[in-house]
Amino acid sequence: MNVWRDIKGTVQPFWVTLRNMFRRPVTIQYPEEKRVPPPRYRARIILTRDPDGGERCVACYLCSAACPVDCISMQSAEAPDGRRYAAWFRINFSRCIYCGLCAEACPTWAIQMSPDYEFSKYATLDMVYEKEDLLVDHGGKDNEYNYYRHAGIGVVNPRGGNEDEAPPVDVRTNLP
Amino acid sequence: MPTITIDNQRVTVPEGTNVLEAAKKLGIVIPHFCYHEALGAVGACRLCAMTFLEGSDKGPKLKGVHMSCMVTARDGMVVSTLDEESADLRRHVIEWLMMNHPHDCPVCDEGGECQLQDMTVAGGHGIRRYRGLKKTYVNQDLGPFISHEMNRCIQCYRCVRTYQDYCGGTDFGVLGCNQRIYFGRFRDGTLQSPFSGNIVDACPTGVFTDRTYRFRARPWDLEEAPSVCPHCSLGCAVIPGARYRELQRVRAGVNAKTNGFFICDQGRFGYGHANRPDRPRSPRLGEREVSWPEALGALRRELEIIIAEHGSQAVAFLGSSRASLESNAQLLELARFFGSENFALEIDPERDRAARTTAALLGECARSQEEVRRSDFVLLVGADPLNEGPMMALAVRQAVRAGGSAALIDPRPVELPFAATHLPLSPQNLPEVLKALAEERFERFSARERTVLAGISARIKEAKRPVLIGGGNLLGSSGAQLLIEAARAFSRGDRACGAALLLAGPNSFGSALLAAQSPGPDRLLAQMQEGRIRALLCLESDPFADHPEPGRARMALSRLKLLAALDYLPTETARRCDIFLPTTAPAESAGTYVNFEGRMLPFGSVFDPGVPIQITGGGDHPPRSFEAHTPGSLPRPAWAALAALRGDSLSLAHIRRNLQRSDARFAGLAELEEGGEGRRVNGAGQMPGHGPELPKHPSAEGALRLVVTECLFGSETIASFSPVLDPVRPAPVVRLHVEDGVRLGIHDGEKVRLRTELGDLAVEVRLCEAMAPGIVVLPRLRQGEWEIFVPGVHRDCILQKEGG
Ligand code: SF4
Ligand code: SF4
Ligand code: SF4
Ligand code: SF4
Ligand code: FES
């Protein structure tokens, strides 16, 4: 019974090889020729900006918590206008495995994977990126979202001025 | 003891337990917000719903869905938590609570330890279905400690119940009505209660968060360990949290025998000492920073040279009440090693005697904070709990709230977070009044005083669980002795009267137990003055700043050939000593404190010492260089450094085992669990020798007695080195009785000159009614000129009008 399976198993690989011998080769002449990865390709990480040009990252530590290899570190701080932001933000790319979990965890669309896969250095320390190195001046895959237009702490909009918010209540009134 | 059935499991609980607690006992945790063990149930959040299938055998028949926190467990009840009806209600309640909730988790400091987050996730609620507008509120600036973000409130009332009911604060509460309930201060401004930080722990959401820790870290990144508060003698349980080599916050730990669930703001916000940029972190010979082996070698050599020249008694050892039991024990071990009998474990002579008297006599009279909370009459004598042991004030408050009463005999205008009869008597009358109370002879007092004292004495006799609380600073050793004797005199066969003494430091009691053979700091100082002691080794002690006669101490210290110090604070002694060894701050080291009642409380190390990244990076990212060594990681636990001086390397467990083997009073120390309830020492200390007679008062015509008192946020050594507390340091004002003010022609708020034998001081005067006449109350402040006034000495002073 198994004889047929075995024969098929022996012949089929030869057939596959034979068939591919007449196909065009997929190898390209990198680096002269470059492949364009799809937009959702997971390579070098960037920190994006909101449509108003502000840093999107609110230093919530979710990406660093999600990162399975612990290569993200940062320090959150408070700006004079109450904005929470990253005083510094560091990714050690020599440890990063480009799994994309950080981008998935990010509630503000700040951290995103970019398709820039050409990423190698001679020195390990050069693979350690600081905030300046990570920040780009666009919104990456989403150019619309601004987290602070939705958060209740009123940094961009006045308190109670978000789309889904009512103006602040008057605590002292007795009216129903 | 009712037995009830929850989800087909039977459980027997003590009378009065609610069903929510009973379920918890079975390991069934039902989401809830408003119920809190220390605050009780109010049924505000509507989340703890359970279905009651069978009512109780006795009492009203309860059926259907009810809030389990509001139902007392009764025999025969059958309850289901899994029933579809109540599970569905809980799911909906969570969704309703989230209807107005802002989109804040990423920028909310509660995130990661938020009960609301947990319950929302547990309830399976993810998408907001309600499309209406969200309610918003304007926040208040509540001062340097607390951030306010009212939009996140779920109306559980825990904050008010903590702030008003438990802590006795009056400036904060619930406002508004209808859909506009607001939790905040009645008027904008800083929260006034010295227990305000507790609303951060109590609030299950991010409405109140620790402002000193604002946007610093997430709980999952913090290094935390159960620890013991080092800021006073009560030994409250705390949980410090550190990250990136920086101590970032402290929250309350739970210890039923000490603090319960809450702590005071000094314990919570006194943490900044560990992160100071000027904290000494390297061993030093003179000005030169050296390695540990070099420093230890040099210190040992120097000590040996002095011993060879002048004999072993020429080296002295000074421990302290802020060093752990193990460190002090190792200091003794070291003294023994060098053959010296000259040691003291506290620099202030009267505090030393008071602590040793307490440790010698307290015995079975000792009462814990828990026992004070359950007492029905508390008499405070010469004790100012808010300033000398803040949580004790709350313990007494709980006793009063539960129907007990309290009275206070104290010369000072003492603020208390509860109602108490105050009898202001002058400091020299306090011993007399204790004697009089014990013997019930009040003839020597004025008519009014007699009435109050007779009332107090009657109440003590009626009470079932009376406690006398004294303050070691004002009573001194003789007063402490009289207080404990009075407690014994009030004890009868059917019930005992307890006593408690507020001592100076977290380990005062432990040091006092060890100090049995100590000649006392007075003898040490005298011998230093005479030139018989040539070398002094200070363990986390600052004789320059803490001796009540600073001039004399300075003189004596200047005669030393060698002054060596171990410390983690940049004290004057640490700066001026010849050889310096850096030790770990309390949160960085493990050890044991023995608190005011003689309870051994071990604590664990929270994080390893090192210069915080905040400092090495200058606020920006950490330096881009990688080394094998952590900068500033040299501090060692004092007990390890002291053992190393003898050429020994002992683990803490080893030290504890040795200690309990050689001294039966510390039995069980090695087995105690960090973060546990601790255990009272098993045995007493030894009485110290007598102190000098109190000077008669007034010694000069027109003189007033100067009473220097501890004050919250200003006096305690470790907290005084915490910049976090800088915004709330007490104002430098002295207080004077109105009558004296009239007599001397001094008005309230007037600036006058205070003349003492220590020196003059320009002071602002507050006139008070509720204090004894003939005294000037001056706060102990560790700043500038005020520093020379240390509690514990009785001296005269004169107030002179400026230009007069
Ligand atoms: S998850 Fe996003 S917003 Fe949060 S710290 Fe990371 S990049 Fe910043
Ligand atoms: S209170 Fe809790 S649920 Fe609300 S924003 Fe803060 S972390 Fe999120
Ligand atoms: S502020 Fe916090 S503790 Fe107070 S009612 Fe609101 S959620 Fe509860
Ligand atoms: S009462 Fe004393 S031990 Fe308790 S938290 Fe306050 S300072 Fe610390
Ligand atoms: S815990 Fe029972 S109603 Fe809130």
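This report walks through chain A, one helix and one helix pair of chain B, and the surroundings of ligand 2. Keep in mind that everything here comes from a predicted model.

**Chain A**

Let's start with chain A, whose secondary structure adds up to 4 helices and 5 strands. Read from the N terminus, the order is α-β-α-β-β-α-β-β-α. How spread out is chain A next to a compact globule? Its radius of gyration is 25 Å, while the globule rule gives 16 Å for 176 residues, so chain A is more spread out than a compact globule. The spans of its C-alpha trace along the principal axes are about 90 × 50 × 30 Å.

Here are a few more values for chain A.

| Property of chain A | Value |
|---|---|
| Buried residues | 40% of the 176 residues |
| Contacts between residues 24 or more positions apart | 69% of the contacts with a separation of 6 or more |
| Exposed area | about 10900 Å² |
| Part of the exposed area from carbon and sulfur atoms | 55% |

**A covered helix in chain B**

Now hop over to chain B and find helix α22, which runs over residues 638-645. Is this helix mostly covered or mostly uncovered? It's mostly covered, with 6 of its 8 residues buried. The buried ones are Ala638(B), Trp639(B), Ala641(B), Leu642(B), Ala643(B) and Leu645(B). What do they pack against? On the helix side, the partners in chain B are α7 (292-310), α8 (325-337) and α23 (652-662), and there are also two strands, β23 (535-539) and β24 (562-567). Just after α22(B) you'll meet Gly647(B), which has a positive phi of about 80°.

**Two helices side by side**

Also in chain B, helix α9 (residues 349-361) packs with helix α17 (residues 520-530) at an angle of about 145°, and their axes are 7 Å apart. From α9(B), the contact uses Pro349(B), Asp352(B), Arg353(B) and Arg356(B). From α17(B) come Gly520(B), Pro521(B) and Asp522(B). Sorted by class, the residues of this contact are 2 nonpolar, 1 polar and 4 charged.

**Around ligand 2**

Last stop: which residues surround ligand 2? Three cysteines of chain B are there, namely Cys105(B), Cys108(B) and Cys114(B). The others are His101(B), Asp104(B), Gly111(B), Gln117(B), Arg152(B), Thr205(B) and Gly206(B). As for their classes, this shell has 3 nonpolar, 5 polar and 2 charged residues.

Definitions and conventions
Residues numbered from 1 in each chain as written. Chains lettered and ligands numbered in written order. Predicted model: local features only at pLDDT ≥ 70, side-chain atom pairs only at ≥ 80, totals over all residues. Heavy atoms only, no water. Near = heavy atom within 4 Å. Nonpolar A, V, L, I, M, F, W, Y, C, P; charged D, E, K, R; others polar. Rg over C-alpha atoms; globule rule 2.2 N^0.38 Å. Buried < 20%, exposed > 50% of the residue type's maximum accessible area, 1.4 Å probe, protein only. Contact = heavy atoms within 4.5 Å. Areas by Shrake-Rupley, 256 points an atom, 1.4 Å probe, with all protein chains shown as cover. Axes fitted to C-alpha atoms, helices over the stretch in contact; angles between N-to-C directions.
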